[in-house]
Amino acid sequence: MPDHHSNEPGHELHIQHPRRKPGLLANLRSSFLTGLVVIAPVGLTVWLIWTVVGWVDAFVLPFVPDAYQPETYFKKYFGEDTTINVRGVGVVFFLVFTVVIGWIAKGVIGRSLIDWAEGLVDRMPIVRTIYNGVKQIAETVFAQTENNFDKACLIQYPREGLWAIAFVSTNAKGEISRRVPRDGRIISVFLPTTPNPTSGFLLFVPEEDVVYLDMSVEDAAKLVISGGLVYPADANGTGDVPPTPGGIPLAVEAERQRDKLDA
């Protein structure tokens, strides 16, 4: 019998169309993006290391005597026409030289020589300013002391209600600690910029306005550099962003979903 209800108001016919599978180009594009996500970090890391090693070699090797140059040995054993670019030799010389200088500087004679040289530098106005600035930066970055960024935090910046990641430096000391009006302790924090965390702002903030984070300084730096795209794992081992099935990267999975919708 005919269906009388199909023509009544409020009843609509819903036709279920079969979903088409993604075409060949869609599969190729998805595979290409997956391979790009895997290869890009490895390739960039290898390229960066290769480039830095080349810079060090180009700077150090001209100071190495010809008798110790790697090309000398290759020409001696394989012929004068042998030309092989061996990277990393300058890095080895630099590491050995730095270790020897550090060992000498720890001794009494080394400290005496350094004090004598710094006394000469202090008599040169322009050279003194440059040397003291570079020395202070080097001591801050490379010295093995407790005066390093060891805690990440959140502060309200540039206005109340907006939160920014910062790194706890030290407690405010000296004139700054005396002159800042406060009811509690004042701490100094470094507020980095994105995507270059080496630049930023030095802020003096009341400790009660600082929210300490459980994430490490390295994870907080990754979050700043990535512009909020790379979130660290939570304390329970899971990230804020749910993983996609099969461990497929989010960008690739989103591309697949768009291909399905377009199909």
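Start by selecting glutamate 208, which is exposed, with a relative accessible area of 54%. Exposed here stands for over 50% relative accessible area, buried for under 20%, and partly exposed for what lies in between (1.4 Å probe, protein chains only). The areas come from the Shrake-Rupley method with a 1.4 Å probe, and for residues only the protein chains shown count as cover.

Before we move on, a word on what you have open. This is a predicted model, in which local features need pLDDT of at least 70 and side-chain atom pairs count only at pLDDT 80 or more, while totals for chains, interfaces and linings use all residues. Residues are numbered from 1 along each chain as its sequence is written, and side-chain values use heavy atoms, with hydrogens and water left out.

**The acidic patch**

Glutamate 208 sits in the loop between strand 4 (200–206) and strand 5. Add Glu160, Asp183 and Asp209 to your selection: together with Glu208 they form a negative surface patch. Patch members have over 30% relative accessible area and no salt bridge; like charges are joined within 9 Å, and nonpolar side chains (Val, Leu, Ile, Met, Phe, Trp, Tyr) within 5 Å. Asp and Glu count as negative and Lys and Arg as positive, with His and the chain ends not counted. Each charge is placed at NZ of Lys, CZ of Arg, CG of Asp or CD of Glu.

Stay in this loop and pick valine 210, also between strand 4 and strand 5. Buried or exposed? Valine 210 is buried, at 9% relative accessible area. Now draw a distance from its C-alpha atom to that of cysteine 153: the two are 57 residues apart along the chain, yet 6.5 Å separates them.

**The sheet**

Cysteine 153 is a good way into the sheet, where it stands opposite alanine 166 in strand 2. Color strand 1 (residues 152–156) and strand 2 (residues 163–171), and you have an antiparallel pair with five bridges. Strands count as paired if DSSP finds at least two bridges between them. The elements themselves are DSSP runs, numbered from the N terminus: helices (H or I) have at least four residues and strands (E) at least two.

Follow the hairpin of strand 1 and strand 2 through the six residues between the strands, and stop at glycine 161, which takes a positive phi near 105°.

Next, select strand 5 (residues 211–212), which runs antiparallel to strand 1 and is joined to it by two bridges. Leucine 154 stands opposite valine 211 here.

Zoom out to take in the open sheet: five strands in the order 4-3-2-1-5, with antiparallel pairing. Strand 4 and strand 5 are the edges, each with a single partner strand, so one side of each has no neighbour in the sheet. Strands of a sheet pair through backbone hydrogen bonds, either parallel or antiparallel.

**Three salt bridges**

A salt bridge is a side-chain nitrogen of Lys or Arg within 4 Å of a carboxyl oxygen of Asp or Glu. How many salt bridges does this rule give? The count is three.

Return to the loop between strand 4 and strand 5 for glutamate 207, whose partner is arginine 185, with the closest N and O atoms 2.6 Å apart. Arginine 185 lies in the loop between helix 6 and strand 3 (186–192), so the pair ties together parts 22 residues apart in sequence. Both are partly exposed: glutamate 207 at 22% and arginine 185 at 43%.

Now go to helix 6 (residues 174–179), where arginine 179 and glutamate 175 lie four residues apart, about one turn of the helix. Their side chains meet in a salt bridge (2.8 Å, N to O). Arginine 179 is exposed at 64%, whereas glutamate 175 is partly exposed at 45%.

Then select glutamate 118 and lysine 135, whose side chains form a salt bridge (2.6 Å, N to O). Because glutamate 118 is in helix 4 (residues 108–121) and lysine 135 in helix 5 (residues 125–142), this pair ties together parts 17 residues apart in sequence. Glutamate 118 counts as buried at 17%, while lysine 135 is partly exposed at 29%.

Also in helix 5 is asparagine 132, partly exposed at 35%. Its C-alpha atom is 9.3 Å from that of glutamate 118, 14 residues apart along the chain.

**The whole chain**

Finish with everything in view: eight helices and five strands, following the pattern α-α-α-α-α-β-β-α-β-β-β-α-α along the sequence. Of the 263 residues, 19% count as buried.
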